[in-house]
Every structure is written in C-alpha cells, then in structure tokens.
Amino acid sequence: MPLYLIERTFADQLEVSPEGAASIMRINDDVGVRWLYSFLSADKKKTYCLYEAPSAELIREAAQRNGLPADVVIEVDELRPPAVQAEAVATA
C-alpha cells in the first residue's frame, strides 16, 4: 500500500482528545486510509502525518470528512538508517 506524508496547518494550537482520534480513525476506516502516526510542531499549529492509502484522493476525502486541512499530500517511500547502512556495506 502506498505511503503518504500529509502536512496540515491549524489556525490555533491543536489538542486531540481520545474521542477525537477515535472519530478520525472511524472515518479513515470508512474511506480506506490508515493513519500510522503524526509529528506535532513545537507551536502545536502544524502536523506531519504518515498514512497508508490507495490514493492521494482518498487521503483528501478523509481529511475533508474529518474537517481537517490537508495542505500538502505527498506520496513517499520508506527509508530507514539500517537499510541505508546495509546497502552501503553491500556496495563497498
């Protein structure tokens, strides 16, 4: 399943309750996208979220139904330090 990075900008500081997160997950399940995790900026006005989804369009649909911004949606590939190190050793 493709991975997407979503940048969201909020006018006010973001506080997500357990109930709010559960609601987001229900709508995401209905649309067919999976929220993996998010990073919150220090000022709590911007998030960077990693999702699995069949398409960027479904990410945007889930965001709209959840009443969330989706300022930037980028398809990404995963790259982890151990994999990069192993590749460097293999090519050396």
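**View 1. Arginine 8 sits in strand β1, which covers residues 3-9.** This is a predicted model, so keep that in mind as you look around. Arginine 8 is buried, yet it has no salt bridge. The nearest side chain of opposite charge belongs to aspartate 71, and that is 8.1 Å away. A salt bridge needs the nitrogen and oxygen within 4 Å, so this pair doesn't make the cut. What the arginine 8 side chain does have is a polar contact with the side chain of tyrosine 51, at 3.3 Å. Skip the neighbours within four places in sequence, and arginine 8 still touches a whole list of residues, including Lys45, Thr47, Cys49, Ala63, Leu68 and Pro69.

**View 2. Lysine 46 and glutamate 7 pair up in a salt bridge.** Their closest N and O atoms are 2.9 Å apart. The pair links distant parts of the chain: lysine 46 belongs to strand β3 (residues 46-52) and glutamate 7 to strand β1, 39 residues apart. Lysine 46 is partly exposed, with a relative accessible area of 24%. Glutamate 7 is partly exposed too, at 23%.

**View 3. Arginine 65 meets aspartate 30 in a salt bridge.** Here the closest N and O atoms are 2.6 Å apart. This one joins two helices: arginine 65 is in α2 (residues 56-66) and aspartate 30 is in α1 (residues 18-31), with their positions 35 residues apart in the chain. Aspartate 30 counts as exposed at 54% relative accessibility, while arginine 65 is partly exposed at 39%. Look for Glu61 as well: Asp30, Glu61 and Arg65 are linked in a network of salt bridges.

**View 4. Glutamate 52 and arginine 34 form a salt bridge between their side chains.** The N to O distance is 2.8 Å. Glutamate 52 lies in strand β3 and arginine 34 in strand β2, so the salt bridge ties together parts that are 18 residues apart in sequence. Both are partly exposed: glutamate 52 has a relative accessible area of 22%, and arginine 34 has 48%. Across the structure there are 4 salt bridges.

**View 5. A nonpolar patch of about 520 Å² lies on the surface.** Its members are Leu5, Tyr37, Phe39, Tyr48, Val72 and Ile74. Strands β2 (34-40) and β4 (72-76) are the elements that give two or more residues to this patch. One member to pick out is tyrosine 37, which is found in strand β2. At 41% relative accessibility, tyrosine 37 counts as partly exposed.

Methods: Residues numbered from 1 in each chain as written. Predicted model: local features only at pLDDT ≥ 70, side-chain atom pairs only at ≥ 80, totals over all residues. Heavy atoms only, no water. Helix = DSSP H or I, 4+ residues; strand = E, 2+ residues; numbered from the N terminus. Buried < 20%, exposed > 50% of the residue type's maximum accessible area, 1.4 Å probe, protein only. Lys, Arg positive; Asp, Glu negative; His and termini not counted. Polar contact = N/O pair within 3.5 Å; in protein donor to acceptor, adjacent residues only side chain to side chain. Contact = heavy atoms within 4.5 Å. Patch = residues over 30% accessible without salt bridge, like charges linked within 9 Å, V, L, I, M, F, W, Y side chains within 5 Å. Areas by Shrake-Rupley, 256 points an atom, 1.4 Å probe, with all protein chains shown as cover.
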